[in-house]
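Got the viewer open and a hand on the mouse? Let's take a walk through this one together, one selection at a time.

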Amino acid sequence: MDRWYANDPARMVLDPKYAAALRGLRMLFLDCGTRDQWALHLGLRILAGRLRAARVPFVHEEFDDDHMSISYRYDRSLPKLTKSLERS
């Protein structure tokens, strides 16, 4: 369990070293279905709160679906990725 916790993003962001690295990203896009089979949306909400507290800029979106067959979400993520790459 210790290894799991050591690699948990919601815990890692509490470390100033990781928060600083995340602040250096051009873009951080996080999305998850509200009916995720593994309840990842609940963990993402915790992570989002901790990112806000650490002043890490990010985009957090939730959508009404589960974890599978969500390639239709590319219309949300790919334009954001493209825009962040254009700034290089």
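What follows is a tour that starts with the whole chain and then moves in on single residues.

**Stop 1: the whole chain**

Before you click anything, keep in mind that this is a predicted model. Show the chain as a cartoon and you should find five helices and two strands. Follow the chain from the N terminus and the elements come in the order α-α-α-β-α-β-α. Now switch to the C-alpha trace: along its principal axes, it spans about 35 × 35 × 20 Å. The chain has 88 residues, and 26% of them are buried. How much of the contact list comes from residues 24 or more positions apart? Among contacts with a separation of 6 or more, such pairs account for 66%.

**Stop 2: the two strands**

Select β1, residues 29-33, and then β2, residues 59-63. The two strands run parallel, and five bridges join them. To get from β1 to β2, the chain passes through α4, and this β-α-β crossover is right-handed. Want to see the pairing residue by residue? Phe29 stands opposite Val59 in β2, and Leu30 stands opposite His60. As for cover, four of the five residues in β1 are buried.

Stay on Leu30 for a moment and show its surroundings. Beyond its close neighbours in sequence (up to four places away), Leu30 touches Leu44, Leu47, Leu51, Phe58, Val59, His60 and Glu61.

**Stop 3: the helix between the strands**

Next, select α4, residues 40-53. A quick check on its length: 14 residues at 1.5 Å a residue should span 20 Å, and the end C-alpha atoms of α4 are indeed 20 Å apart, so the two agree.

Colour the buried residues of α4, which are His41, Leu44, Leu47, Ala48 and Leu51. Look down the axis: these residues sit on the same side of α4, because they cover an arc of only 110° around it. What do they pack against? Their partners are α2 (9-12), α3 (16-23), β1 and β2.

Just past the end of α4, pick out Arg55, which has a positive phi, near 60°.

**Stop 4: the nonpolar core**

Time to look inside. In soluble globular proteins, nonpolar side chains tend to be buried together. Here, the largest nonpolar core has 13 residues. Select Val13, Leu28, Leu30, Leu47, Leu51, Val56 and Phe58 to see the ones with the most contacts inside this core. Which element gives the most to the core? That is α4, with four residues. Both β1 and α4 supply at least two residues each.

**Stop 5: the loop after β1**

Move to the loop between β1 and α4 and start with Thr34. Is Thr34 buried, exposed or something in between? Its relative accessibility is 29%, so Thr34 counts as partly exposed. Leaving out residues up to four places away in sequence, Thr34 touches His41, Arg45, Glu62, Phe63, Asp64 and Asp65. Try a distance label too: from Thr34 to Leu44 the C-alpha atoms are 10 Å apart, with the two positions 10 residues apart in sequence numbering.

Now click on Asp36, in the same loop between β1 and α4. Asp36 counts as buried, because its relative accessibility is 6% and the cut-off for buried is under 20%. Setting aside neighbours within four places in sequence, Asp36 is in contact with His41, Asp65, Asp66 and His67. For a sense of scale, draw a line from Asp36 to Val13: these residues are 23 apart along the chain, and their C-alpha atoms are separated by 22 Å.

One more residue in this loop between β1 and α4 is Ala39. Ala39 is not a glycine, yet its phi is positive, at about 60°. With a relative accessibility of 31%, Ala39 counts as partly exposed.

**Stop 6: the loop after β2**

Finish in the loop between β2 and α5 (74-86), where you can select Ser69. Here is another residue that is not a glycine but has a positive phi, this time of about 50°. Buried or exposed? Ser69 counts as exposed, because its relative accessibility is 71%.

Note on methods:
Residues numbered from 1 in each chain as written. Predicted model: local features only at pLDDT ≥ 70, side-chain atom pairs only at ≥ 80, totals over all residues. Heavy atoms only, no water. Buried < 20%, exposed > 50% of the residue type's maximum accessible area, 1.4 Å probe, protein only. Contact = heavy atoms within 4.5 Å. Pairing = 2+ DSSP bridges. Right-handed = clockwise from strand over helix to strand, strands pointing away. Core = buried A, V, L, I, M, F, W, Y, C linked by side-chain atoms within 4.5 Å. Expected span 1.5 Å × (residues − 1). Arc of directions from axis to C-beta.
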